[in-house]
Amino acid sequence: GFVSLAGSRMLCQYVQRMCGGSGGKGEFPPGIFGEINRALNNGEEAGIDFFKSHKAEVCSRVPASQLLVFDVQEGWEPLCKFLDVPIPDGPFPNINNSDEVRLVFNTIKTVAWLAILGVSVLVFCTVLYCTDYTFRLLGLGTMWPVLWGAGKIIKVAVRKQAEKSKQL
């Protein structure tokens, strides 16, 4: 689709694979990722039930002395105590807060729709109003820079979010 044309084919393939679109057949990937996506596709309640079920299964299989059920909102203390290491001076990292992820998602969606709309208007106006073939080719040739630019904006947004996790 559009994201692939705009230069983010690998991102598009990854999202399809992780969201149940592997091979274009709508199949969920094997293992935990497939189970998570199947539950999430069935709605919020099914996703919560899956999480609770998975947590219970892990708790039943791992000895309590080797298991930390951790909520990131608790910060460093329980994690460091469990690992028997000193508590760092800095704040606990928060690299994927929902507002930032939503901003990246909305940026991608907005840029994609603007590019689709822009290319559509460009094609329509070029075909309808340009009688000279030289101008038609020039008009249609400007589609690729629009798509390339949209792809670049999307890549930058995704890369900035991904680099946050590498800074740890």
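Trainee: What percentage of the 168 residues in the chain is buried?

Mentor: This is a predicted model, and the value is computed from its atoms. A residue counts as buried when its relative accessible area is under 20%, and of the 168 residues in the chain the share that meets this cut-off is 17%.

Trainee: How much area does the chain expose, and what share of that area do carbon and sulfur atoms supply?

Mentor: The exposed area of the chain comes to about 12,700 Å². Within that area, the share supplied by carbon and sulfur atoms is 62%.

Trainee: Which kinds of elements, helices or strands, does the chain hold, and how many of each?

Mentor: Read from the N terminus on, the elements run α-α-α-α-α-α-α-α. The count for the chain is therefore zero strands, given that strands are DSSP runs marked E, and the number of helices is eight.

Trainee: At roughly what angle do the axes of helix α3 and helix α4 cross?

Mentor: Two packed helices are described by the angle between their axes and the distance between the axes. Helix α3 covers residues 32-41 and helix α4 covers residues 44-61, and their axes come within 7 Å of each other. The crossing angle of these two axes is roughly 145°.

Trainee: Which residues of α3 and α4 make this contact, and how do they divide into nonpolar, polar and charged?

Mentor: On the side of α3 the contact is made by Ile32, Glu35, Ile36, Ala39 and Leu40, while α4 contributes Ala46, Gly47, Phe50 and His54. Sorted by kind, the residues of this contact are six nonpolar, two polar and one charged.

Trainee: Why is the pair of Trp76 and Phe92 called edge-to-face or stacked, whichever applies?

Mentor: The structure holds two aromatic pairs. In the pair of Trp76 and Phe92 the ring centres lie 4.8 Å apart and the planes stand at 70°. Planes over 60 degrees apart count as edge-to-face, so the name for this pair is edge-to-face.

Trainee: How many residues apart in sequence are the parts that this pair ties together?

Mentor: Trp76 lies in helix α5, residues 76-83, whereas Phe92 lies in the loop between α5 and α6. Trp76 is partly exposed at 23% relative accessibility, and Phe92 is partly exposed at 25%. The parts that the pair ties together are separated in sequence by 16 residues.

Trainee: Is Cys80 buried or exposed?

Mentor: The relative accessible area of Cys80 is 5%, and the cut-off for a buried residue is under 20%. Cys59, at 35%, is partly exposed, whereas Cys80 is buried.

Definitions and conventions
Residues are numbered from 1 along each chain as its sequence is written. This is a predicted model: local features need pLDDT of at least 70, side-chain atom pairs count only at pLDDT 80 or more; totals for chains, interfaces and linings use all residues. Side-chain values use heavy atoms; hydrogens and water are left out. Axes are lines fitted to C-alpha atoms, for helices over the stretch in contact, and angles run from 0 to 180 degrees between N-to-C directions. Helices (H or I, at least four residues) and strands (E, at least two) are DSSP runs, numbered from the N terminus. Contact means heavy atoms within 4.5 Å. Ala, Val, Leu, Ile, Met, Phe, Trp, Tyr, Cys and Pro count as nonpolar, Asp, Glu, Lys and Arg as charged, and the others, Gly among them, as polar. Rings of Phe, Tyr and Trp (its six-membered ring) pair if their centres lie within 6.5 Å; planes under 30 degrees apart count as stacked, over 60 as edge-to-face and the rest as tilted. Buried means under 20% relative accessible area, exposed over 50%, partly exposed in between (1.4 Å probe, protein chains only). Accessible areas come from the Shrake-Rupley method with a 1.4 Å probe; for residues, only the protein chains shown count as cover.
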